[in-house]
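Let's take a walk through a protein together, one stop at a time. Keep the picture open beside you as you read.

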Amino acid sequence: MINPPFYCDYGSHISVGKNFFANYNCTIIDVAKVVIGDNCQFAPNVSIYTAGHPLHPAVRNTLYEYGIGVTVGDNVWIGGNTVILPGVHIGSNVVIGAGSVVTKDIPDWSLAVGNPCHVIRAITEEDREIYYKDRRFDEEAWADICRKLD
């Protein structure tokens with residue numbers, strides 16, 4: 001499911017797994033391959049860039065463009081206004097906080113935030129009953145979730 005508008009360069013270099021959701025204004029500059037795993041969710045204004053240009057202005061002015069692929073693992077939630085730069089690999093079971101600029105790889109089972117994005121802690125079993133910061137599900141909601149997990 002993709003809420004429009006959606007922007008991309010080619011579209012043919014994008015591979016998406018099962019149960020993918022991208023909210024409004026998703027941009028994927030797919031000069032190189034972008035692989036997104038199963039059960040991934042993108043909040044509004046998530047951008048993935050595989051394209052870049054040389055640092056030195058003389059070389060950049062030749063209009064040289066490179067592409068380096070991006071991979072997003074399974075069960076990843078990417079917060080709003082996040083930018084993922086060329087060559088980044090985001091592991092599985094990861095949450096990227098809103099407003100992050102992901103410049104380097106993020107390992108599995110991590111909560112990562114910031115600019116530049118960095119891991120602040122591992123996601124653990126203790127996080128299972130928490131829906132936001134330190135807020136726990138009420139008994140009725142938790143019972144409903146447990147039924148769906150079975």
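A polar contact is a pair of N or O atoms within 3.5 Å, and within protein one of them must be able to donate a hydrogen and the other to accept it. Keep that in mind for our first stop, and remember throughout that the model you see is predicted.

Start in the segment before β1, where you will find N3. The side chains of N3 and N23 are joined by a polar contact of 3.2 Å. Is N3 buried or exposed? Its relative accessible area is 12%, so N3 is buried, because buried means under 20%. Leaving out residues up to four places away in sequence, N3 touches F21, A22, N23, Y24 and N25.

From here, move on to the strands. Strand β1, residues 6-8, pairs with strand β4, residues 26-29, in the parallel sense over three bridges. Within β4, T27 stands opposite Y7. β4 also pairs with strand β7, residues 47-49, again parallel and over three bridges. In that pairing, I29 has Y49 of β7 opposite.

Now look for another group of strands. Which order do the strands of the open six-stranded sheet follow? Reading across, the order is β3-β6-β11-β14-β16-β17, and the pairing is mixed. At the edges stand β3 (21-22) and β17 (117-122); each has a single partner strand, so one side of each is left without a neighbour in the sheet. Inside that order, strand β6 (residues 41-42) and strand β11 (residues 77-78) pair in the parallel sense over two bridges. F42 has I78 in β11 as its bridge partner.

F42 and I78 appear again at the next stop, the largest nonpolar core. This core has 24 residues, and those with the most contacts inside it are I36, F42, I78, I90 and I96. At least two of the core's residues come from each of β4, β5 (34-36) and β10 (70-72). There is a general idea to take along here: in soluble globular proteins, nonpolar side chains tend to be buried together. To see the surroundings of one core residue, pick I36. Setting aside neighbours within four places in sequence, I36 is in contact with S15, V16, G17, F20, I28, F42, I48 and V72.

Next, visit β16, residues 110-114, the strand in which S110 is found. S110 counts as buried because its relative accessibility is 3%. Not counting residues up to four places away in sequence, S110 touches N93, V94, V95, V119, R121 and I123.

Our last stop is about rings. How many aromatic pairs does a search of the whole structure find? The search finds three. One is the pair of Y131 and F137, which is tilted, at 5.3 Å centre to centre and 45° between the planes. The rings of F137 and W142 have centres 5.7 Å apart and planes at 25°, so this pair is stacked; the cut-off for stacked is planes under 30 degrees apart. Through such ring pairs, Y131, F137 and W142 are linked into a cluster.

How open to the outside are these residues? Y131 counts as partly exposed, at 47% relative accessibility. F137 is partly exposed too, with a relative accessible area of 27%. W142, with a relative accessible area of 17%, is buried.

Definitions and conventions
Residues are numbered from 1 along each chain as its sequence is written. This is a predicted model: local features need pLDDT of at least 70, side-chain atom pairs count only at pLDDT 80 or more; totals for chains, interfaces and linings use all residues. Side-chain values use heavy atoms; hydrogens and water are left out. Two strands pair if DSSP finds at least two bridges between them. Helices (H or I, at least four residues) and strands (E, at least two) are DSSP runs, numbered from the N terminus. A nonpolar core is a set of buried Ala, Val, Leu, Ile, Met, Phe, Trp, Tyr and Cys residues joined through side-chain atoms within 4.5 Å. Buried means under 20% relative accessible area, exposed over 50%, partly exposed in between (1.4 Å probe, protein chains only). Contact means heavy atoms within 4.5 Å. Rings of Phe, Tyr and Trp (its six-membered ring) pair if their centres lie within 6.5 Å; planes under 30 degrees apart count as stacked, over 60 as edge-to-face and the rest as tilted.
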